[in-house]
Amino acid sequence: MFYKAVKKFAEANGLTCDAKAGYAYGDFQGVYVAIEQDPTLSAKHTIVFCIKEGDFPVSKPVLTFLNECVPQFKYLRSVSYQNNRATAVFHGTGFGWMKKYAPMLEAFLQAVANYVQANQMVNCCEQCGATEGVEAYLANGHFHALCPACHGQLSAQVTSQMPAKKGNFVAGIVGALLGSLVGVLAWVLVYQLGYIAAIVGLVMVICTFKGYTLFGGRLNMAGIVVCVLISVGMLYVAEQAALALEIQQAMSAYIGEISFFDAYRSISEFMEFPDVKNAVIYDLVMGYLLMAVGSFSLIWQTYRKHNVTPGVRPLGPIRSKTGVQ
């Protein structure tokens, strides 16, 4: 869902908001801009616009101008300019961002429009720099400004990315289990190093999904559900393994060498001690919490990669001349 304050600003300035695509786009005082909503963070947006010099040289290069904007706008995190394509990432963090975020984003776009108008720059194709017949497109969910020739090249490239075959569900499960074992190992190692193993919760999900796609190929909704369930179960196994290793080391110092499996079987007895039980519960709660918070974006992006049919969607023409008309 598009962040309400940014959507309100965009619509007030004549931009088109497409909540499903996660974009607001259109002409902002002569500069054609696209504002992409991050799918997991309401106050995170990527701004894209494609411009180049017009008939006269600019007072300062685009990248220099953008870099000078970073310290001026608190929530502007990064900028880039390559092949006529400028990108700026806004991310509101800390306290008080709710009231300041949208106005600051608008102020940045105003600064961009002022710079572009003052230097008589033009909207253009991001690949070849052409200014005639340029249109805006969404290709696989990403914004592009392209002339007819470059649009044809992109369409051919997107078509070649069409899924060639279905995934292998059984092989995917095997791969997910193997991948989750890497996550278990990471949990145990972090635990042994004396750190909070919960930070590995997200790593567990990543390893499980990676294992599934390596062995099973295309990941459908059933595969995603299986990967999530495996990740949840193996995180519990990882905590038990780490606890058993801790018991083995502690008991060996008092009563002599004992096997890992003996230590594992004694977990239920140690869980009767409040301190041990509370520590285990804390690890699991934090692990599952970080897994849930951190994995949503991963799961969504993985699903889109494997299940959203590639395509190029036209948004509308882009006039080359900048400035208010």
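Two strands are taken to pair if DSSP finds at least two bridges between them. By this criterion, strand 3 and strand 4 (residues 44–52) of the predicted model pair in the antiparallel sense, with five bridges between them. Within this pairing, V33 of strand 3 lies opposite F49 in strand 4. The two strands form a hairpin, and six residues separate strand 3 from strand 4.

Strand 3 (residues 31–37) also pairs with strand 2 (residues 23–28), again in the antiparallel sense, here over six bridges. A24 of strand 2 stands opposite I35 in strand 3. Strand 2 and strand 3 likewise form a hairpin, with two residues between them. One residue of this turn, Q29, has a positive phi of about 50°. Strand 3 thus has antiparallel pairings with strand 2 and with strand 4. Strand 3 is mostly covered, as six of its seven residues are buried. In general, strands of a sheet pair through backbone hydrogen bonds, in either a parallel or an antiparallel arrangement.

A further group of strands was examined for its order and pairing. Three strands form an open sheet in the order 9-8-10, and the pairing is antiparallel. Strand 9 (142–146) and strand 10 (312–317) stand at the edges of this sheet; each has a single partner strand, so one side of each is left without a neighbour in the sheet. On average, neighbouring strands of the sheet are turned by 25° against each other, direction ignored. Strand 8 (residues 135–139) is joined to strand 10 by five bridges, and the two run antiparallel. In this pairing, Y137 is placed opposite P314 in strand 10. As a general feature, side chains in a regular strand alternate between the two faces of the sheet.

Helix packing was considered for one pair. Helix 5 (residues 169–192) packs with helix 6 (residues 201–216) at an angle of about 150°, and their axes are 6 Å apart. Angles over 145 degrees count as roughly antiparallel, and helix 5 and helix 6 are therefore roughly antiparallel to each other. The crossing of helix 5 past helix 6 is right-handed. Classed by residue type, the contact between helix 5 and helix 6 contains 14 nonpolar and nine polar residues, with no charged residues.

Note on methods. Residues are numbered from 1 along each chain as its sequence is written. This is a predicted model: local features need pLDDT of at least 70, side-chain atom pairs count only at pLDDT 80 or more; totals for chains, interfaces and linings use all residues. Side-chain values use heavy atoms; hydrogens and water are left out. Helices (H or I, at least four residues) and strands (E, at least two) are DSSP runs, numbered from the N terminus. Axes are lines fitted to C-alpha atoms, for helices over the stretch in contact, and angles run from 0 to 180 degrees between N-to-C directions. Buried means under 20% relative accessible area, exposed over 50%, partly exposed in between (1.4 Å probe, protein chains only). Angles under 35 degrees count as roughly parallel, over 145 as roughly antiparallel, 65 to 115 as roughly perpendicular and the rest as oblique. A crossing is left-handed if the near helix is turned anticlockwise from the far one by less than a right angle, and right-handed if clockwise. Ala, Val, Leu, Ile, Met, Phe, Trp, Tyr, Cys and Pro count as nonpolar, Asp, Glu, Lys and Arg as charged, and the others, Gly among them, as polar.
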